[in-house]
Amino acid sequence: MKPSLLPEVNLSESGGVRYLHLGSEWVQGSMRLDAPFDIDLEYVQRMMAWLLFVPLASVAGRHAMQLGLGAGAITKFCYKKLSMTCTAVEINPRVADVCRAWLRLPPEGERLRVVIADAAREIRRDEWLGTVDALAVDLYDDDAAAPLLDSAAFYADCRRLLTADGCMTVNLFGRAASFERSLARIAEAFGERAVWAFKPTREGNAVVLAQRAPTRPRRGALQAQAEAIEARWPLPARKWLRVFKATHL
């Protein structure tokens, strides 16, 4: 996309929270000023539900990739709290600049890389295939009207990024979006048994998780995993289980 067509990047503050906007009033991300490396928004916390499906002792050193940097909350959390290697793909260089200057995005280094590129093209690069343990997809235009990339072919490309026990989480939100249609496209790419979904948040964000290799842990195992997540990190994992389940298309 030409730089002249990219939306403006704006910030606002209220109640101790700094918000990111892309040329409109829609919130594209946030950061609590007193806890800049925690995840503030409920739906973004749910994007971390892949932690329910991996041994927690193995998390440090794994690779997290975020498509659509937003306010950088997922990348910052994975980098600072989980000690993961992190890659963020963002088409708008100004978003990355603002995240570094105002939203505490750490400088790039051995474990953190920000790639300025079109996500649909970037994820087809051979260097990423089979390397990503946790893929977060949150790609919206400045009006937050519908996902920018939402085809079965795109989700198949996402699946090819994942390691054997890797997971993709996707934020499905927008006035024009069809949750069921998007869910069907994800299931087409990953297989029906690989897909899990949250009920929508009050704001209308519905997070879907898809596993590279389907597993169906028993409820008791998920409960124990959620308790272990909460003991380690500031995430409401036990609350997730009340609104998160495998889908049946």
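This section describes the sheet, the nonpolar cores, one helix pair and two loop residues of a predicted model.

The strands considered here form an open sheet of eight members with mixed pairing. Their order across the sheet is β6-β5-β4-β7-β8-β10-β9-β11. The edge positions are taken by β6 (112–116) and β11 (244–246), each of which has a single partner strand, so one side of each is left without a neighbour in the sheet. From one strand to the next, the twist averages 15°.

Within the sheet, strand β4 (residues 63–67) and strand β7 (residues 132–137) run parallel and are joined by four bridges. One residue pair in this arrangement is L67 with its bridge partner V137 in β7. Antiparallel pairing is found on both sides of β9: three bridges link β9 to β10, and three bridges link β9 to the edge strand β11. In the pairing with β10, V195 stands opposite A210, while in the pairing with β11, F198 stands opposite F244. The side chains of β9 are divided between two directions, with V195 and A197 pointing one way and W196 and F198 the other way. Residues V195, W196, A197 and F198 are all buried.

In soluble globular proteins, nonpolar side chains tend to be buried together. In the present model, the largest nonpolar core comprises 40 residues. The residues with the most contacts inside this core are M48, W50, L51, L52 and L82. Two or more residues each are contributed by the helices α1 (42–46), α2 (73–80), α7 (219–232) and α8 (237–240), and by the strands β7, β9 (195–198), β10 (206–211) and β11. Of these elements, α2 gives the most, with five residues. With neighbours within four places in sequence left aside, W50 is in contact with V59, L82, M84, A134, C167 and L209. Another core, of 31 residues, lies apart from the largest one. V137, M168, V170 and V208 are among the residues of this other core. V137 is also the β7 residue that is the bridge partner of L67.

Helix α5 (residues 152–161) packs on helix α6 (residues 179–190) at an angle of about 45°, and the two axes are 8 Å apart. At that angle, α5 is oblique to α6. The crossing of α5 past α6 is right-handed. On the α5 side, the contact involves A152, Y155, A156, C158 and R159. These residues meet S182, R185, I186, E188, A189 and F190 of α6.

Two loop residues other than glycine have a positive phi. For S83, phi is near 60°. S83 is found in the loop between α2 and β5 (85–90), and with a relative accessibility of 35% it counts as partly exposed. R104 likewise is not a glycine, and its phi is positive at about 60°. R104 lies in the loop that runs between α3 (93–102) and the edge strand β6. The relative accessible area of R104 is 45%, which means that R104 is partly exposed.

Key: Residues are numbered from 1 along each chain as its sequence is written. This is a predicted model: local features need pLDDT of at least 70, side-chain atom pairs count only at pLDDT 80 or more; totals for chains, interfaces and linings use all residues. Side-chain values use heavy atoms; hydrogens and water are left out. Two strands pair if DSSP finds at least two bridges between them. Axes are lines fitted to C-alpha atoms, for helices over the stretch in contact, and angles run from 0 to 180 degrees between N-to-C directions. A nonpolar core is a set of buried Ala, Val, Leu, Ile, Met, Phe, Trp, Tyr and Cys residues joined through side-chain atoms within 4.5 Å. Buried means under 20% relative accessible area, exposed over 50%, partly exposed in between (1.4 Å probe, protein chains only). Contact means heavy atoms within 4.5 Å. Angles under 35 degrees count as roughly parallel, over 145 as roughly antiparallel, 65 to 115 as roughly perpendicular and the rest as oblique. A crossing is left-handed if the near helix is turned anticlockwise from the far one by less than a right angle, and right-handed if clockwise.
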